[in-house]
Amino acid sequence: MRHLISIDDLTDDQLRHIVERGAGFASGRNGAARPLAGQVVGVYFRRTSTRTRTAFSSGALRLGAHIIAYGPDDLQTNTGETTQDTGKVFALMLDALVARTADDPAEMRGWADQDRMSVINAMSSDEHPTQALADLVTLQRRFGAVDGLRVLYVGEGNNTATALALALARFSDVELEFRTPPGYGLPEELLGRAAERARRTGSSVTERHDMDEGTAKGFDVVYTTRWQTTGTSKPDPDWRRIFQPFQVTERLWEGNPEAVFMHDLPAHRGEEVTAEVLDGPASIAFEQAAGKLHSAMAVLEWCRAG
């Protein structure tokens, strides 16, 4: 029984194992085993979700588990029961809990303080670890390896960016560059931690707050996320003006002609990315979405079946 609340919960070997297993599920190499047969997985989403909720629900069923789905209005927390008491009840009846809260991950850590039920973070306020795992599975399948890739992330330093930094820093010879709007970068402590880990693997994690396209050249991947992400708000009423230079357009491919385009979806065409890019030949955003199913299966298998 294991938990996955942060990418930092994984050793380097465990991270690579989950990525390899996810790629195996995608290609059919892992066979039709049902390692979760007889188990019950709770899928609790307090925030909206299309891909992650479907991926974990479908993945659990494919692995042989039964699922119980909870929405934001389904639990007695709405009538005053504490989240601690709710977590204790979950642990008495479920084998695994997949939870999206968009809140403090300490809540999930509290639910994980027992020895029976696995807790999987499907998005907290600070990190989206299962998104990063889906991204890694997609990159593994597309390029044959994650090591050695050059990745350009454009947009807000949100929980998706955080997870991507923590994950890619663990691979060798990766260059990860963030281009984030001023005032909307990654948390300083997180960026420093990822950069330090990257140095140990011969990689680099850097950030700058401009969108000088003339210096954004030679990347294998261009990645963005929507500007208004689940569970967040921006205090600056003029934030769209600040974000506008960071829209991903076809101009970026002048310096990165072989790059693929990734987006964690949902996308808002005409805001963070133009339709020409999202729907164009370089885009693998929907392949990336499919990777959520395969990485979810790998995470469930690792948490419950080793």
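In this predicted model, helix α5, made up of residues 129–143, lies across strands β8 (221–224) and β9, and runs at about 160° to β9.

The sheet that β8 and β9 belong to is an open one with five strands, and reading across it gives the order β7-β6-β5-β8-β9. Its strands pair in the parallel sense. At the edges sit β7 (204–208) and β9 (260–263), each of which pairs on one side only. Going from strand to neighbouring strand, the turn averages 20°, with direction ignored.

A look at one pair in this sheet fills in some detail. Strand β5 covers residues 150–154 and strand β6 covers residues 175–179, and five bridges link the two in parallel. Within this pairing, Y153 stands opposite F178 of β6.

Back to α5, which also has a helix packed against it: α1, residues 12–27. Two packed helices are described by the angle between their axes and the distance between the axes. For α1 and α5, the angle is about 65° and the axes are 9 Å apart. The crossing of the two is right-handed.

As for who touches whom, α1 brings L15, I18, V19, E20, G22, A23, A26 and S27 to the contact, while α5 brings L133, L136, V137, Q140 and R141. Sorted by character, the residues of this contact come out as eight nonpolar, three polar and two charged. So α5 lies across β8 and β9, and packs with α1 as well.

Methods
Residues are numbered from 1 along each chain as its sequence is written. This is a predicted model: local features need pLDDT of at least 70, side-chain atom pairs count only at pLDDT 80 or more; totals for chains, interfaces and linings use all residues. Side-chain values use heavy atoms; hydrogens and water are left out. Two strands pair if DSSP finds at least two bridges between them. Helices (H or I, at least four residues) and strands (E, at least two) are DSSP runs, numbered from the N terminus. Axes are lines fitted to C-alpha atoms, for helices over the stretch in contact, and angles run from 0 to 180 degrees between N-to-C directions. Contact means heavy atoms within 4.5 Å. A crossing is left-handed if the near helix is turned anticlockwise from the far one by less than a right angle, and right-handed if clockwise. Ala, Val, Leu, Ile, Met, Phe, Trp, Tyr, Cys and Pro count as nonpolar, Asp, Glu, Lys and Arg as charged, and the others, Gly among them, as polar.
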